[in-house]
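Got your viewer open and a cartoon view on screen? Let's take a walk through this fold together, one selection at a time.

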Amino acid sequence: MKAENIAKIEFISRSANEGFARSASACFAAQLDPTLDELGDIKTAVSEAVTNAIVHAYPNELGRVLLRLRILPGQVLEITVRDWGVGIADVAQARAPMFTTGGAERSGMGFTIMESFTDTIRVRSKPGKGTTVTMRKQIAQRTSTR
């Protein structure tokens, strides 16, 4: 599907960059005139995906995280978060609520939250090669009140 607009941002897997990714995603999505609720959904989904990359992909080192944002026809925002970290051995298990490899301080709800705040989510991963999470959210067309 041909994108109407696109942005790519690459950063290292420092926890401070999660907020940057959230804000950048919200700013890019603003051109679709989302509601505050829709912006909150986007920021939450991005936060979860980027946090997963930071915490799970690179548990013992810093690595690269790529955030790609695309506006697709029909007011659809596509968000892709990619890493080149350890990968996920069993994607179905990782997507199950409460499953985590991050220790007791992690809830294991990241993928469940992403699914709740977007319309679709696709997860591709290869152990030792990294993970790509692609989410789509349709932004409602608002009618003018003028």
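Start by selecting strand 1 and strand 2: they run antiparallel, and eight bridges join them. Keep in mind as you click around that this is a predicted model. For one rung of that ladder, pick E10, whose bridge partner in strand 2 is L66.

**The whole sheet**

Now colour all the strands. You should see an open sheet of five strands in the order 1-2-3-5-4, with antiparallel pairing. Which strands stand at the edges? They are strand 1 and strand 4; each has a single partner strand, so one side of each is left without a neighbour in the sheet. Turn the view a little: neighbouring strands of this sheet are turned by 10° against each other on average, if you ignore direction.

**Helix 1 on the sheet**

Next, show helix 1, residues 16-29. Helix 1 packs on the sheet, where it touches strand 1, strand 2 and strand 3, and its direction makes about 175° with that of strand 1. Try a quick ruler check on this helix. At 1.5 Å a residue, its 14 residues should span 20 Å, and the end C-alpha atoms are 21 Å apart, which agrees.

Which residues of helix 1 are buried? Select N17, E18, A21, A24, S25, A26, F28 and A29. Their cover includes strand 1 (5-12), helix 2 (36-57), strand 2 (64-72) and strand 3 (76-83). Zoom in on N17: at 19% relative accessibility it counts as buried, because the cut-off for buried is under 20%. Leaving out residues up to four places away in sequence, N17 touches F11 and I12.

**Helix 2 and the core**

Move on to helix 2. It lies across strand 1, strand 2, strand 3 and strand 5, and runs at about 10° to strand 3.

With helix 2 still shown, turn to the largest nonpolar core, which has 33 residues. In soluble globular proteins, nonpolar side chains tend to be buried together. Select L67, L77, I79, V81 and M135, the members that touch the most other members. Strand 1, helix 1, helix 2, strand 2, strand 3, helix 4 (110-117), strand 4 (120-126) and strand 5 (130-138) each give two or more residues to this core. Helix 2 gives the most, with nine residues.

For a close-up, pick V81 and show what surrounds it. Not counting residues up to four places away in sequence, V81 touches A49, V50, A53, V65, L66, L67, T131, T132 and V133.

**Strand 5 and its partners**

Now highlight strand 5. Seven of its nine residues are buried, so strand 5 is largely enclosed by the rest of the structure. On one pairing, strand 3 and strand 5 run in the antiparallel sense over eight bridges; look for I79, which stands opposite M135 in strand 5.

Strand 5 is also joined to strand 4 by seven bridges, again antiparallel. Here you can pick T120, whose bridge partner in strand 5 is R136. Follow the chain between these two strands: they form a hairpin with three residues between them, and G128 in the turn has a positive phi of about 80°.

**Charged pairs**

Last stop: show the charged side chains as sticks. Side chains of opposite charge can pair when their charged atoms come close. How many salt bridges does a search of the whole structure find? It finds six.

Begin with R64 and E10, whose closest N and O atoms are 3.6 Å apart. R64 lies in strand 2 and E10 in strand 1, so the pair ties together parts that are 54 residues apart in sequence. R64 is partly exposed, with a relative accessible area of 39%, and E10 is partly exposed as well, at 45%.

Then select R68 and E78, which meet in a salt bridge at 3.2 Å, N to O. Is E78 buried or exposed? At 3% relative accessibility, E78 counts as buried, while R68, at 26%, counts as partly exposed.

Keep E78 selected and add R136: these two also form a salt bridge, with the closest N and O atoms 2.8 Å apart. E78 lies in strand 3 and R136 in strand 5, so this pair ties together parts that are 58 residues apart in sequence. R136 is partly exposed, at 28%. Finally, add R70 to the selection, and you have a network of salt bridges linking R68, R70, E78 and R136.

Notes:
Residues are numbered from 1 along each chain as its sequence is written. This is a predicted model: local features need pLDDT of at least 70, side-chain atom pairs count only at pLDDT 80 or more; totals for chains, interfaces and linings use all residues. Side-chain values use heavy atoms; hydrogens and water are left out. Helices (H or I, at least four residues) and strands (E, at least two) are DSSP runs, numbered from the N terminus. The expected span of a helix is 1.5 Å times one less than its number of residues. Buried means under 20% relative accessible area, exposed over 50%, partly exposed in between (1.4 Å probe, protein chains only). Contact means heavy atoms within 4.5 Å. A nonpolar core is a set of buried Ala, Val, Leu, Ile, Met, Phe, Trp, Tyr and Cys residues joined through side-chain atoms within 4.5 Å. Two strands pair if DSSP finds at least two bridges between them. Axes are lines fitted to C-alpha atoms, for helices over the stretch in contact, and angles run from 0 to 180 degrees between N-to-C directions. A salt bridge is a side-chain nitrogen of Lys or Arg within 4 Å of a carboxyl oxygen of Asp or Glu.
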